[in-house]
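Welcome! Let us take a walk through this protein together, starting with one residue and widening the view from there.

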Amino acid sequence: MGTKSGDKGLKKRIKAGTLTRSDVARRLAELAFGKANDCVQLVLGEDVQIEGLDLSLLTELKRNDKGTLEIRLVDRLKALELLAGLAANEGTDLESFLQAMQGSGAQG
C-alpha cells in the first residue's frame, strides 16, 4: 500500500515517538480503502509466497479441523469512522493518542 521508503520513514517516526497526524490519517485511509486481493490470494492460492503479499488488512486467519479457512479483515467502517473523526476534530483526540504512543514508544 505504501512505498517501501515511506514505510521505513514511518517505522522510524513510530520508534522515535514522532508520529504525525498525517501518518495516522494516511494509514487509516489505507485500511479503509485498501484492496484485499493479496489476502484472498493467500487463502485461495497454492504455493503462495507470503513475503511479497500485502496482508495489512488481514486480522485473523484460522483453519478448522475439517480444513476450512476463515479469514477476518480490518473493519473498514471503523477505519472510516476514525478517519472522519480525525477530519472533524481537528486533531484534539489525535493529539492525546499521539502523546500516548510517544510515551509507550519510549518504554519499548
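A good place to begin is D23, which touches L10, R13 and T18, leaving aside residues up to four places away in sequence. Keep in mind as you look that this is a predicted model. D23 is found in helix α2, which covers residues 21–33. Is D23 buried or exposed? Its relative accessibility is 3%, and because buried means under 20%, D23 counts as buried. Of the residues that D23 touches, R13 deserves a second look: the side chains of D23 and R13 are joined by a polar contact of 2.6 Å.

Now move to S22, which is also found in helix α2. Here the setting changes, since S22 has 41% relative accessibility and counts as partly exposed. The side chain of S22 makes a polar contact of 3.1 Å with the side chain of T20. You can also use S22 to look across the chain: its C-alpha atom and that of L86 are separated by 9.8 Å, although the two residues are 64 residues apart along the chain.

With that helix in mind, step back to the whole protein. How many helices and strands does the protein have? There are five helices and two strands, and from the N terminus on they follow the order α-α-α-β-β-α-α. Among contacts with a separation of 6 or more, 51% are between residues 24 or more positions apart. Of the 108 residues in the protein, 19% are buried. The accessible surface comes to about 7800 Å², and carbon and sulfur atoms account for 54% of that surface.

The strands are the next stop. Strand β2 spans residues 69–73, and five bridges join β1 to β2 in an antiparallel arrangement. To see one of these pairings, find K62, whose bridge partner in β2 is E70. The hairpin of β1 and β2 has five residues between the strands, and in this hairpin G67 takes a positive phi near 90°.

Finally, look at L61, which lies in strand β1, residues 58–63. In a regular strand, side chains alternate between the two faces of the sheet. How much of L61 can be reached from outside? Its relative accessible area is 42%, so L61 is partly exposed. Together with I71 and L73, L61 makes a nonpolar surface patch of about 220 Å². That patch is a fine place to end the tour, and you can now turn the model and retrace the route at your own pace.

How values were computed. Residues numbered from 1 in each chain as written. Predicted model: local features only at pLDDT ≥ 70, side-chain atom pairs only at ≥ 80, totals over all residues. Heavy atoms only, no water. Patch = residues over 30% accessible without salt bridge, like charges linked within 9 Å, V, L, I, M, F, W, Y side chains within 5 Å. Areas by Shrake-Rupley, 256 points an atom, 1.4 Å probe, with all protein chains shown as cover. Salt bridge = Lys/Arg side-chain N within 4 Å of Asp/Glu carboxyl O. Helix = DSSP H or I, 4+ residues; strand = E, 2+ residues; numbered from the N terminus. Buried < 20%, exposed > 50% of the residue type's maximum accessible area, 1.4 Å probe, protein only. Polar contact = N/O pair within 3.5 Å; in protein donor to acceptor, adjacent residues only side chain to side chain. Contact = heavy atoms within 4.5 Å. Pairing = 2+ DSSP bridges.
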